[in-house]
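Hello,

Here is the structure I promised to pass on to you. Have a look at it first, and then read my notes below.

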Amino acid sequence: MVSIRLPADVEARLERLAKRTGRSKSFFAREAVIEKIEELEDVHLAEQVLDRIRAGKEEVLTAEAMWRGLED
């Protein structure tokens, strides 16, 4: 179970959508999370890798080195 607070305008939109479609607000909130979760994971995991690169804890290659490696 998850409980979230939404801005009033988003809550109102969700309420209208639920009433117009006969579905629950929970149904649409669940659909939104399912649709967006993969993108959020990608962004946050990429930020963690970037932090490690900036801290010198992650090995990186130049584009030139990467292309050389592909030619071998």
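**A charge over a ring**

Let me start with a detail: arginine 23 sits over the face of phenylalanine 27, 4.2 Å from the centre of the ring. Please keep in mind as you read that this is a predicted model.

Phenylalanine 27 also has a partner among the rings. The count of aromatic pairs comes to 1. That pair joins phenylalanine 27 and phenylalanine 28 in an edge-to-face arrangement, with 5.0 Å from centre to centre and 85° between the planes. What about the surroundings of phenylalanine 28: is the residue buried or exposed? Phenylalanine 28 counts as buried because its relative accessible area is 18%, and the limit for that class is under 20%.

**The overall picture**

Stepping back, the protein has 3 helices and 0 strands, so the pattern along the sequence reads α-α-α. How does the radius of gyration of the protein compare with that of a compact globule of 72 residues? The globule would come out near 11 Å, whereas the protein has 21 Å. Along the principal axes, the C-alpha trace spans about 60 × 25 × 25 Å. Of the 72 residues, 6% count as buried, and phenylalanine 28 has that status too.

**Two pockets**

Next come the pockets. The largest pocket holds about 340 Å³ of space. Its lining is made up of Val2, Ser3, Ile4, Leu6, Glu11, Leu14, Lys25, Ser26, Ala29, Arg30 and Val33. Two elements give two or more residues each to this lining, namely α1 (8-21) and α2 (25-54). Which of the elements provides the largest share? That is α2, with 5 residues. Sorted by class, the lining of the largest pocket has 6 nonpolar, 2 polar and 3 charged residues.

The second largest pocket contains about 240 Å³ of space. The residues that line the second largest pocket are Ile4, Leu6, Val10, Arg13, Leu14, Leu17, Phe28, Ala29, Ala32 and Val33. Here again α1 and α2 each supply at least two residues. How does this lining divide by class? There are 9 nonpolar residues, no polar ones and 1 charged one. Phe28, which you met above as half of the aromatic pair, is one of the residues of this second lining.

If you compare the two lists, you will find Ala29 in the lining of the largest pocket and again in that of the second largest.

**A few residues to look up**

Alanine 29 belongs to helix α2. Its relative accessibility is 25%, so alanine 29 counts as partly exposed. From alanine 29 to alanine 12 the chain runs 17 residues, and their C-alpha atoms are separated by 13 Å.

Glutamate 15 is part of helix α1. With a relative accessible area of 29%, glutamate 15 is partly exposed. In sequence, glutamate 15 and phenylalanine 28 are 13 residues apart, and in space they are 9.8 Å apart, C-alpha to C-alpha.

Further along, leucine 40 lies in helix α2. Leucine 40 is partly exposed as well, at a relative accessible area of 38%. Is there a matching distance to look at here, and what separates the C-alpha atoms of leucine 40 and isoleucine 53? These two residues are 13 apart along the chain, and their C-alpha atoms are separated by 20 Å.

**Where to begin**

If you open the model now, you could begin at phenylalanine 27, with arginine 23 over its face and phenylalanine 28 edge-to-face with it. From phenylalanine 28 you can then go on to the second largest pocket, which that residue helps to line.

Happy viewing, and best wishes

Note on methods: Residues numbered from 1 in each chain as written. Predicted model: local features only at pLDDT ≥ 70, side-chain atom pairs only at ≥ 80, totals over all residues. Heavy atoms only, no water. 1 Å grid on protein atoms, 1.4 Å probe; cavity = no way out; pocket = protein on both sides within 12 Å on 5 of 7 lines; lining within 4 Å. Points joined across faces, edges and corners; volume = space filled by probe spheres on them. Helix = DSSP H or I, 4+ residues; strand = E, 2+ residues; numbered from the N terminus. Nonpolar A, V, L, I, M, F, W, Y, C, P; charged D, E, K, R; others polar. Phe/Tyr/Trp six-rings, centres within 6.5 Å; stacked < 30°, edge-to-face > 60°. Buried < 20%, exposed > 50% of the residue type's maximum accessible area, 1.4 Å probe, protein only. Lys NZ or Arg CZ within 6 Å of the ring centre and 35° of its normal. Rg over C-alpha atoms; globule rule 2.2 N^0.38 Å.
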